[in-house]
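Me: I'd like to learn how to read a protein–RNA model, one feature at a time. Could you walk me through it?

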Amino acid sequence: MSRYTAADIEPKWQEAWDKAGIFTATRDESKPKYYVLEMFPYPSGRIHMGHVRNYTMGDVISRYKSSCGFSVLHPMGWDAFGMPAENAAMAQGGHPGTWTYDNIKTMKGQMKPLGLSIDWSREFATCDPEYYGQQQSMFIDFMEKGLVYRKNATVNWDPVDMTVLANEQVIDGCGWRSGAPVERRELTQWFFKISDYSGELLDALDGLDNWPEKVRTMQANWIGRSQGLQFSFERTDGGGIEVYTTRPDTLMGASFVGISPDHPISKALEAENPDVAAKLAEMRKGGSTEEAIETAEKLGYDTGIRVRHPLNPEWELPVWIANFILMDYGTGAIFACPAHDQRDLDFCRKYDLPVVDTFLSLDDPKPVENDAFVPPKTEKVKWVNHFAGPDEATGEEAIDATVKFAEEAGWGTGVEKFRLRDWGLSRQRYWGCPIPVVHCPDCGVVPEKKENLPVKLPEDVTFDVPGNPLDRHPTWRDCACPSCGKPAKRETDTMDTFVDSSWYFARFTSPNAETPTDMDDASYWMNVDQYIGGIEHAILHLLYSRFFARAMNICGHLPDKAIEPFNALFTQGMVTHEIYVTRDENDRPVYHLPEDIEWTENGARLGACGTEVEVIPSAKMSKSKKNVVDPAQIISSFGADTARWFVLSDSPPERDVEWTASGAEAAAKHLARVHATAVKIAAMDDAEGDDIDLLRAMHKAIHDVTMGIESFGFNAAIAKLYAFQNTISKSKAGGKAQKQAMRTMAQLMSPMTPHLSEEVWSMLGGVGLIAQAPWPQADDAMMVEDTVTLPIQINGKRRAEISVPKDMDKAEVEKRALAEDAVVRALDGKSPKKVIVVPGRIVNVVV
RNA sequence: GCGGGCGUGAUGGAAUGGUAGACAUACCAGACUUAAAAUCUGUUGGGCCCUGUGCCCGUGUGGGUUCGAGUCCCACCGCCCGCACCA
């Protein structure tokens, strides 16, 4: 074969790998193991370029580690429960299960041609009853260990459709189908006690050395440990209001006490006073997201209740209900210090409440007007209105002094609190894992017996009316109480899909086990050595998985070493593309697919009619903007290796990569060049005649590419491979040396372009499959140059360079440098102030 | 609102505090060709003096640390992402 034809090469080698069974993971105690995992996909219908990028990166690691002698586990599955399947059933009829399994079949068919080194024998979907039955079994274990409980929590309620809405289904504060303004409503729901692990989940972040710093920071902020003071304001009518504050030092600046609309006091008032009820109804409008609450217009209601200031019983503060106070954080009640909190200030200006400065800037000591003075806690400020500590102190010092003061005086306690809330897992939807409990009129909430698991979803359901089909199913709900045997009702809530994805990595170690995991297999394969996925999962999925691993460990489903399940994490960027828009008669945007665009000298036009097209800068590929490139199409026109090579080139993996047609063509051209060079070299005789430069370049390439792969610098590794290819194609060395260089090239490329590499390898007499050949080793001795070129700087600017033996001593280098023309000229007869010689790197002469 | 990140030629990007722009795209020029495509070779940050082996400027903006800063620190500007029921 003399021309590079991916369509011939790729299926051939995929068949050879299958036949050799080399991707089947086996427990081999004689080898070190390596578990590489990409975040499993949601079966949305078709694979997209983001999948290709994600799985290609995992594949590079997997193939590389395999070549390095590891026993590799590289599995794939489907995160298969979730809303889109129900939406499809609503829109076009049919069953969510049919839609899901059809999608899985299509997407698997699209992934196969990529030539990924996946052990498909371990594949499962989270909607398989075998999987979710094990999940139900674990849920029951968690119940026994007290890791699950029920309480009231807020949901988005569509008052027209009479149904719960996901945040995604709330558009501008209204239900997506009904268009009615959404309200917040309370329901009794199931919760995992993740907050019991707040401190541990936070502290253990320190040990996750191979996680990106930013993910650890984001998780730490999410868990949000704070030190503060908890104390009670005494009500003038008896009783008290417990508040928590992280800024007790500003207590003298208090202007009111604020309580959440969901605070028990608010609810009590609501029940007896229609005015309050109306106000609260207004405050409960809008979505339940933190963002919606934080950015909503500040609303308040003066309850008429008054409390005494703890430091001065004469000083009475009003109690307001305020819509920006969250019941879930702290005690659901605060005292407001408007001078040093912008939110409080906005509220006080709106309702004409007093603003009292407690400290002033040392540089610019003027009272607060419309901008709250919120310096860093480490900045020293002047206290004008204080009761503990010195007149000039930082916020930190003042807080410590205040807590100490309050504790000694006996009216407050320093406490540690976390922002992390318990994980609400109840969903009022069909297409999810049923929560395996039964509500019995006599026994209350009873877990289903394990021998009755899985509690399967009923098949005969319809989606023609809003709401949860399980709720209105005629028979599914009816069952016998597992405890007393009398008629009872099943729980109709299903689990959050995050539950499904919180332990799938553990199931992969033994996907057919009769229990959630098999401890022998889990002990061998866990932990995941390298986990790869999108940054959008930085907080929730990864935090929930860390909690689950701990909970599974407590229930005996994971070994101790696996409580932090992901040893290393890599978060890859998105694949983006330009967006092409024209306008319709109403000036609304109409989007166009990249393949419909033609480029002319006058810019982009529609291929069909020649209409001018506006080009909007690159953004994440999305169906609605039509800026998508179909991987299946790319593979059929260029081949999988080209697609793989391109998504790894150019951009660093953690950053977004822009898909361009020219970039894809460049990748294809390069692979064709490599192939052509290999064909040419294969035809050479085995003439001796080493070329020291070629050998050097080869060892340098081995070193650089290996480092590139190890450090996720795939784009840099590829740049080195380009350079090495240029060196080989220009080499004058004998056939033997060139063949060796080219075989090495094939090996270095094999994690990225496995098919072409096999082809080149076999063409040049490589033994066996390249996929099973050991990774080449760089010879350090070959990479050391005898002489080095040192740049010479004068006052930090490069002015000349000298070539010196690599181990020449500093004094001699200095002497040579000072003898250079440029240096002599710059010195103009004077002697240098200072000369810095960094051996092997640089010389800097300070004049 | 809160939290996180990013900013380097025409473009994607490279650069353990040590020659800024590797590698690639695009453009331009040349070779091959009747021609085009393909392929191959070469040039290309901006400006100045233009005769160079010359000089000045240059990594969002403004300061700072350092012999030396794209890299570290501070402030600002712009863009992007997440915010607990999207997966």
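Reply: Gladly; let's begin with polar contacts to the RNA. Keep in mind that this model is predicted. A polar side-chain atom of R427 sits 2.9 Å from a phosphate oxygen of RNA strand B. R673 also approaches the backbone: an N or O atom in the side chain of R673 is 3.5 Å from a phosphate oxygen of RNA strand B.

Me: Which part of RNA strand B does a polar side-chain atom of Q428 approach?

Reply: A base nitrogen, at 3.2 Å. For the whole strand, 61% of the RNA atoms within 4 Å of the protein belong to sugar or phosphate, and the rest belong to bases.

Me: How many residues surround RNA strand B, and which are the closest?

Reply: There are 61 residues around RNA strand B, with N167, N221, R429, R673 and N844 the closest. By class, the surface near RNA strand B has 22 charged, 20 nonpolar and 19 polar residues.

Me: Now a sheet, please. How are strands β14, β15 and β16 ordered and paired?

Reply: In general, strands of a sheet pair through backbone hydrogen bonds, either parallel or antiparallel. Here the order is β14-β15-β16 in an open sheet, with antiparallel pairing. β14 (359–361) and β16 (392–394) are the edge strands, each pairing on one side only. From one strand to the next, the twist averages 45°. Three bridges join β14 to β15 (residues 380–383), and F359 stands opposite W383 in β15.

Me: Which helix lies across β15 and β16?

Reply: That is α12 (residues 395–409), which runs at about 95° to β16.

Notes: Residues are numbered from 1 along each chain as its sequence is written. Chains are lettered from A and ligands numbered from 1 in the order in which they are written. This is a predicted model: local features need pLDDT of at least 70, side-chain atom pairs count only at pLDDT 80 or more; totals for chains, interfaces and linings use all residues. Side-chain values use heavy atoms; hydrogens and water are left out. Two strands pair if DSSP finds at least two bridges between them. Helices (H or I, at least four residues) and strands (E, at least two) are DSSP runs, numbered from the N terminus. Axes are lines fitted to C-alpha atoms, for helices over the stretch in contact, and angles run from 0 to 180 degrees between N-to-C directions. Contact means heavy atoms within 4.5 Å. A residue is near a molecule or strand if one of its heavy atoms lies within 4 Å of it. A polar contact is a pair of N or O atoms within 3.5 Å; within protein, one must be able to donate a hydrogen and the other to accept it, and residues adjacent in sequence count only if both atoms are side-chain atoms. Ala, Val, Leu, Ile, Met, Phe, Trp, Tyr, Cys and Pro count as nonpolar, Asp, Glu, Lys and Arg as charged, and the others, Gly among them, as polar.
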